[in-house]
Each structure stands twice: as C-alpha cells, then as structure tokens.
Amino acid sequence: MISFVISLVALVLGYFLYGKFVEKVFGPDDRPTPAVAKADGVDYIVLPTWKVFMIQFLNIAGTGPIFGAIMGAKFGPVAYLWIVFGCIFAGAVHDYMCGMLSIRNGGANLPDLVGDYLGGKTQKVMLVFSVLLLMMVGTVFVFSPAEILTQLWEPKAISNLLGHNAFWVTIIFLYYILATMLPVDKIIGRIYPLFAFSLMFMAVALMVVLFVKMPVLPEVWDGLGNRGADTLGFTDPVFPCLFITIACGAISGFHATQSPLMARCVKSERMARPVFYGAMITEGIVALIWATVAMYFFYNQPTPGFELMEAAQTTGAHTSAPSVVNIVCNSWLGIFGGILALLGVVAAPITSGDTAFRSARLIIADFLHFEQHSIRRRLIVCIPMFAAAIALLMWQMADADGFQKIWSWFGWSNQTLSVFTLWTATVYLVQEKKPFWMTLIPALFMTTVCSTFLLISKQAFGLPPVVSYTGSVVVLVIAVAWFFTWLRKNKA
C-alpha cells in the first residue's frame, strides 16, 4: 500500500506542478474560443466548466481505467510506475496539447490537425485510421454491455426470434443513433455528468475500503518483473504489453478523437488545464485505485482476494476484468456497490461508444466539408457510417472470437493513434520555438512500444523476442534520425 500512497500523491502533484509547466509552455490567452466564435447550437456550444470536465472525463474513461488497470495489475507493481509517469508526462500532455491545438484551430478534429503539422499524405492516413478506430470502439462498446445486460434480463420472445443479445444490441444501437444525431447538450450534456460522478464515487469508495483493509501488497521495490508469470500463469512480456494493456490510465490515442468534442464547448482557453490535463490525471487516479484493488485480488498476503470469494473461486472469474469489478464491488460495497458496478461496466462503455460515433461523424463531415447544422446533412454522414458499423457488429456476433480480434487490434491502434498526436504536438512546439522535448520524449517512447508490439505479437508478425526488440531499436534510431534531420532543415 505504500507504493499506492506515493503514486496517488505523485499524480496530484503532477497536475499542480508539471501541468502548470505544460500550460505555461503553450500559453493560453483570452482570444474567443470556437464555442463562442462558431456557436451553432449543435456541436459548438458553451458549457459550464464543471460540465465540460465531467463529459471529457467520461468520454476518455469508459471502462478503460478499470479493465485496463485490472489486466495490467497482473504484471505486478510495475503498473504503478507506468500509470504515474505515463499519465503525468505523456497522457495528460497528449490530451492537453490535442485539446489546445483544436481550440487554436477552430475546433479542428485530429486528422485536420495532423494534416496541418505532418502533411496532407499523413492526414489522409490518419483520416482512415481514426475513423476505423472509432468504428471499432463503437462496435466493441455495443456488444460488451449488451452481453452483460442479457445476463440480467432479456425478452425470450425477441431472443427466440432475433437471437441471443439481439434485444440489448438493438436498444444500445438506437441510443447511439440518437446521441450521435442530437445536439451535444441534449443527451450527452445531461446524463454524462451523472455517470461520471458515479464512476468517480465508486473509485473513491473503493479507495476508502483499501485504506480500511490495508492489505499487504507487492511494492515497487519488491521487483518490476512480470509477477503474474509466477503466480497467475500470465506470461506476456512487460515490455511492450503493459504499455498496450494500460492505455486509458496512462496514455490513449482515443482521447485525441474525444478532446476536440470538448474543445468546441469551452468558453475560455484557461479552462483547458482543468478540463484536458485534469481529466487525464483524474482518470489516472481511477486506474491507480483499480490496479491496487486488482493486486489485492491477485496478490494479497497471505491469501489473494479471489480465494476469499466463493463466486470467483468456483467459476474461475478472477481472470475476467468484468467479473473482478462485479465481485469486488458487491463484496466491498454491498447492494449500492453492485448498482455502481453496473453503471461502471455497462454505462461507461456505452457512453464511450456514442461519443466515438459522434467523433466519426464530425471527422467525416469535416473532410467532406459538410456543415452539420441541418439534420439532413447529419443523416447523409450517419447512414453509411452506421450501416458499416452494423455489418462489423454482425460479423463480430457471428464469429466466436470476433470480439477478441477487434479488441486486440483496437488496443494497438489506440496507442498508435497517440503516436501521431504526440508527433503533431512536437512539430507544433518546434515551429513555435517552444520546449519540444516534453512531447518528443513520449513520442519516441510510444513509437518504440507500438513497433515492438507489432513485431512480437502473435496476432501480427509474431517474431522471436530478440528479433522484435532489435527491430524496435532500429525503428527508434530511424525516428530519432528523421526528427533531427527535419529539425535541422526547419531551423535552416
């Protein structure tokens, strides 16, 4: 628990110290924001700071800081270091820079920002890449909550007629259509703050229980190897798998598709640090709490938590992140905790899915130069988008391994998206003659992580570790050489 306390204090200090430094480097001022200058009552709307923060937090969180932290905790206390350092020096910087660049560029989406700073060809790649990622997010976050809700209740007549999960899949998809089409303040602006509060309240309640229990857990100084390899049979290498598994609690490229949504709703640039940097630090705290809860579940001395819970012991559910959430919340927080767990496991992915489709609509519309004030123009973009999503969803439901295939590629694509965002921010800082190292270092690190995962993963090239790590070093050297060659030409 000492590592947990130190990590918690470090995240809070990171917001006030390094967050202030990042804000000073960018230099927010009093120019009109897109929410004021381009107000349209649909996507560009001034919202109160607290509401923008809550929506941003839930947009970027979903189940990421819960499920990712639980799965990442299997590696052991090394997860603490990645959550703390990744969140303060990479993830929060990534989100703040993307949000501020969007504000400075009229509420521009990520592909447009990439095009402005990395060139037109990269913009086209990013356009396709980001839309595909968002479609995967929306599809994954239809099926997973539908499956959980089906276990609770499903009309037999409909399931017999249309198939298992069909009822809740249809309900959730209809909600996605409404949330994507309607103005941002009609559904998202009203219900998201409630869900965000529930997610934070659940995390705080679990933290209180942790301090009451004070379990004996592995500390950082006990070793940073893959602890799960010995006790849980979890054999994935720490590098790069930890950095792909824990994404939303440290750094996530998906956030770069969501930050422009709230960049169109902030009244002042000075709101950016609490909204973008602050929401990421809050997410890091949630991930830290869940990683600690999971370590109690996996490694508590003298007896791991899952061995104390009959449900997990008889079903083997300790290997499933949703099961860990439900078991821990019901065991520690009672009936009320069970309700919060349902909100966390069901509502959170749904809210991530609908904003994913909304972001995809705006990205496509910007590329086609379609104004989105009229419903007819929104429909022109949404109909083919949802048709493609339905086809992907039907394939996923028909294939027994469809969910796992989409999820695995989503994880790699998500972190690869963060690479593009960090390089975009680095080029901006160079052009503005500002300290570019604060995004260059995480850009190089995430470039190495993603290239290593692509080489070593069995779902991609599946090369031996020695070959994979050697290849990733080569990629790193090329990236460094490319950047400093470009930097020299830029200065000339």
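# Notebook: a walk through a predicted model

**Entry 1, Arg273.** I started with Arg273 and listed what it touches beyond its neighbours within four places in sequence: Tyr15, Phe16, Gly19, Lys20, Glu23, Tyr96 and Gly278. A reminder to myself before going on: this is a predicted model. Next I looked up where Arg273 sits, and found it in helix H15, which covers residues 272-299. Is Arg273 buried or exposed? I noted it as buried, because its relative accessibility is 13%, under the 20% cut-off. One partner on the list, Glu23, has a side chain that makes a polar contact of 3.2 Å with the side chain of Arg273. Another partner, Gly19, is 254 residues away from Arg273 in sequence, yet I read a C-alpha to C-alpha distance of 7.0 Å.

**Entry 2, Leu17.** I stayed in that stretch of the chain and checked Leu17. Leu17 belongs to the loop between helix H1 (2-16) and helix H2 (18-26). I wrote it down as exposed, because its relative accessible area is 59%. Then I picked Gly233, which is 216 residues from Leu17 along the chain, and found 40 Å between their C-alpha atoms.

**Entry 3, H6 and H20.** I turned to a pair of helices. At what angle do helix H6 and H20 pack? I read about 115 degrees for H6 (residues 78-104) against H20, with 10 Å between the axes. The crossing of H6 past H20 is left-handed. On the H6 side, the contact uses Trp82, Phe89, Ala90, Val93 and Met97, and on the H20 side Met438, Thr439, Pro442, Phe445 and Met446. Sorted by class, I have nine nonpolar residues, one polar and no charged ones in this contact.

**Entry 4, Thr452.** I kept to H20, which runs over residues 437-456, and looked up Thr452 within it. Thr452 goes down as buried, because its relative accessibility is 0%. Which residues does Thr452 contact, leaving aside neighbours within four places in sequence? My list reads Phe239, Pro240, Tyr469 and Ser472. With Ser472 there is also a polar contact, 3.2 Å from side chain to side chain.

**Entry 5, Phe239 and Pro240.** Two names on the Thr452 list, Phe239 and Pro240, sent me to the backbone. The peptide bond from Phe239 to Pro240 is cis, with omega near 10 degrees. I marked this one with a star because most peptide bonds are trans. Pro240 is part of helix H13, residues 238-245.

**Entry 6, positive phi values.** I then went looking for odd backbone angles, since most residues other than glycine have a negative phi. Met214 is not a glycine, but its phi is positive, at about 45 degrees. I placed Met214 in the loop between helix H11 (188-213) and helix H12 (228-231). It counts as partly exposed because its relative accessible area is 47%.

His369 is also a residue other than glycine with a positive phi, near 60 degrees. It sits in the loop between helix H17 (321-368) and helix H18 (375-398). I noted His369 as exposed, because its relative accessible area is 70%.

A glycine joined the page too: Gly119, just after H7, has a positive phi of about 105 degrees. While there I looked at H7 itself (residues 110-118), whose buried residues are Leu110, Pro111, Leu113, Val114, Gly115 and Tyr117.

**Entry 7, cysteines.** How many disulfides does the structure hold? I found zero. I checked two cysteines to see why. For Cys248, the closest cysteine sulfur is in Cys87, and the 11 Å between the sulfurs is too far for a bond. For Cys450, the closest is in Cys241 at 12 Å, so that pair is too far apart as well. Cys248 is buried, because its relative accessibility is 11%. Cys450 is buried too, with a relative accessible area of 5%.

**Entry 8, Asn414.** My last stop was Asn414, in helix H19 (residues 402-431). Is Asn414 buried or exposed? It is buried, because its relative accessibility is 2%. Beyond its neighbours within four places in sequence, I listed contacts with Leu133, Ala247, Ser252, Gly253 and Phe254.

Definitions and conventions. Residues numbered from 1 in each chain as written. Predicted model: local features only at pLDDT ≥ 70, side-chain atom pairs only at ≥ 80, totals over all residues. Heavy atoms only, no water. Buried < 20%, exposed > 50% of the residue type's maximum accessible area, 1.4 Å probe, protein only. Polar contact = N/O pair within 3.5 Å; in protein donor to acceptor, adjacent residues only side chain to side chain. Contact = heavy atoms within 4.5 Å. Axes fitted to C-alpha atoms, helices over the stretch in contact; angles between N-to-C directions. Left-handed = near helix turned anticlockwise from the far one by under 90°. Nonpolar A, V, L, I, M, F, W, Y, C, P; charged D, E, K, R; others polar. Disulfide = S-S within 2.5 Å.
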